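Here's a quick tour for anyone meeting this structure for the first time. Have a look at it below, then read on.

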Amino acid sequence: MGRAFVYVILGGGVAAGYTAHEFVKRGVEHGELCIISEEPVAPYERPALSKGYLLPEDPARLPAFHCCVGTNEERLTPKWYKEHGIELVLGTRVKSADVRRKTLLTATGETITYKILLVATGARALKLEEFGVKGSDAESVCYLRDLADANRLVNVMQSSSGGNAVVIGGGYIGMECAASLVINKINVTMVFPEAHCMARLFTPKIASYYEEYYQAKGVKFVKGTVLTSFDFDSNQKITAVNLRDGTKLPADMVIVGIGIRPNTSLFEGQLTLEKGGIKVNGRMQSSNSSVYAVGDVATFPVKISGETRRLEHVDSARKSARHAVAAIMEPEKTTDFDYLPFFYSRVFALSWQFYGDSTGDVIHFGDFLGNSFGAYWVNNGHVVGSFLEGGTKEEYEAIAKITRLKPEIEDLTDLETQGLRFALTL
Ligand code: FDA
Ligand code: NAD
């Protein structure tokens, strides 16, 4: 049994949705394009899962957040794919790929061939077992990567109302889920190995602002340690978590956000991998010219910093997807991907954006006791990164612009004095 397509998108997440949208914008023919996804639903905006999806009142539910509502564009429902002659092969895992023969074999035993393959397999959540901790398949332990995880988390939260949650990990999932737990009236303790939250990006000063804000909402922090084991009752229900520093925390539920691993295994030994992802060039093309990679799974050259990076963020997934399609459909008109890294988060009444690279000296500015402050990162005499909490649309645009322009900085003290004004007046 087999089917053949000109273009196959492997994966059905954010990058897949934006890839399909771009193909349609650029005039793909009916029957040429197919999406194969392990998930049972059409591509959706994954960031909703740790935000609107977890609200106790009026939560976001599909079909409201199918791609491409995240960029205020049309919503690609299953009907949209049908109308544009795109085959959606959902609930189907690809179990092997042969890039020499240009074939994919699904878990249902079907062989699908392509002329051009776009790998958009994203990533999977790391499991506690990978760090030597057993028991994370227990009913009240939640990870959060896909819709099935989110539904499970909602059920566990509902049955833990008024109880205690332990959040393992102080990164994006930890911070966003902790806020949602508070909103759902669950007592939260966050546990992570670093000295402060969001250690990959925040400076200690920025982190302390968010930690104090969370503490005022009742969240407790246990830092510098990790979980070592769970305690179970006679019904195999978790009652507590044990930490390496000897602390025992009572727990009705646990959320684990300890990072991700890109889904590259289908291509190991077939495509060049780098920094954990599939290495691509500025056209998102891998070491095999018929295979492109986009989104979380792609390691691509970031022109502005001159480095290759794998980014785990939605804006990069959307833009790399669109870029790959441009490079495929209009190669002569498409130059190399020129991407400015962009990360953001929204929790409680807070909202921050970050652009560029967090390397070099950090210059903080603004009112850390109020609700708008930020930072510039200056490396080799140039602004390379900017962060802003509580900005307006114009202010966020200004810090994005300044980060792209990389102005030379002669006097760090002057930059600190000018603060946000520096970006607004450049
Ligand atoms: P994505 O993970 O979206 O999709 C991968 C797809 O491939 C899935 O459908 C998967 O099932 C499928 N797949 C994998 N292997 C397969 C196989 N062998 N066969 C078939 N299908 C397969 N970013 C940000 O900038 N701001 C934010 O606020 C958030 N918020 C956020 C919340 C939560 C809960 C998560 C989990 C992530 C975020 N992110 C984020 C990150 C952002 O969602 C992420 O960068 C994008 O979803 C990446 O898009 P991809 O399409 O690359 O992977
Ligand atoms: P992360 O990389 O942001 O954070 C991982 C955290 O795990 C670290 O901060 C650390 O505190 C912790 N950690 C690492 N090893 C540990 C251990 N052994 N025990 C306990 N803690 C440990 O990853 P995440 O929070 O799991 O997020 C997963 C993915 O989802 C990321 O790709 C992220 O970009 C994405 N995401 C993004 C957003 C956003 O951009 N707003 C929101 C949610 C999720």
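Let's start with one residue and its company: setting aside neighbours within four places in sequence, threonine 92 is in contact with Ile36, Ser37, Glu38, Thr106, Ala107 and Thr108. Keep in mind that this is a predicted model. After threonine 92, we'll move on to helix H5 (residues 204-216).

**Threonine 92**

- You'll find threonine 92 in the loop that sits between strand E4 (87-89) and strand E5 (94-98).
- Buried or exposed? Threonine 92 counts as buried, because it has 20 C-beta neighbours inside 10 Å, and 20 or more is what it takes.
- Methionine 157 is another story: it's 65 residues from threonine 92 in sequence, and their C-alpha atoms are 29 Å apart in space.

**Helix H5: length and faces**

- H5 has 13 residues, so at 1.5 Å a residue it should span 18 Å, and its end C-alpha atoms agree, being 18 Å apart.
- Which residues of H5 are buried? They're Ile206, Tyr210, Glu211 and Tyr214.
- Looking down the axis of H5, you'd see these buried residues fall within an arc of 130°, so they line one face of the helix.
- It helps to know that an α-helix has 3.6 residues a turn, so residues three or four places apart point the same way.
- Over on the other side of H5, Pro204, Glu212, Gln215 and Ala216 are exposed.

**Around helix H5**

- What do the buried residues of H5 pack against? Their partners are helix H4 (172-183) along with strands E13 (220-223), E27 (372-379) and E28 (382-389).
- Just past the end of H5, glycine 218 adopts a positive phi of about 100°.

Note on methods:
Residues are numbered from 1 along each chain as its sequence is written. Chains are lettered from A and ligands numbered from 1 in the order in which they are written. This is a predicted model: local features need pLDDT of at least 70, side-chain atom pairs count only at pLDDT 80 or more; totals for chains, interfaces and linings use all residues. Helices (H or I, at least four residues) and strands (E, at least two) are DSSP runs, numbered from the N terminus. The expected span of a helix is 1.5 Å times one less than its number of residues. A residue is buried if 20 or more other C-beta atoms lie within 10 Å of its own, exposed if 12 or fewer, and partly exposed in between; C-beta atoms are placed from the backbone. The arc is that of the directions from the helix axis to the C-beta atoms. Two residues are in contact if their C-beta atoms, placed from the backbone, lie within 7 Å.
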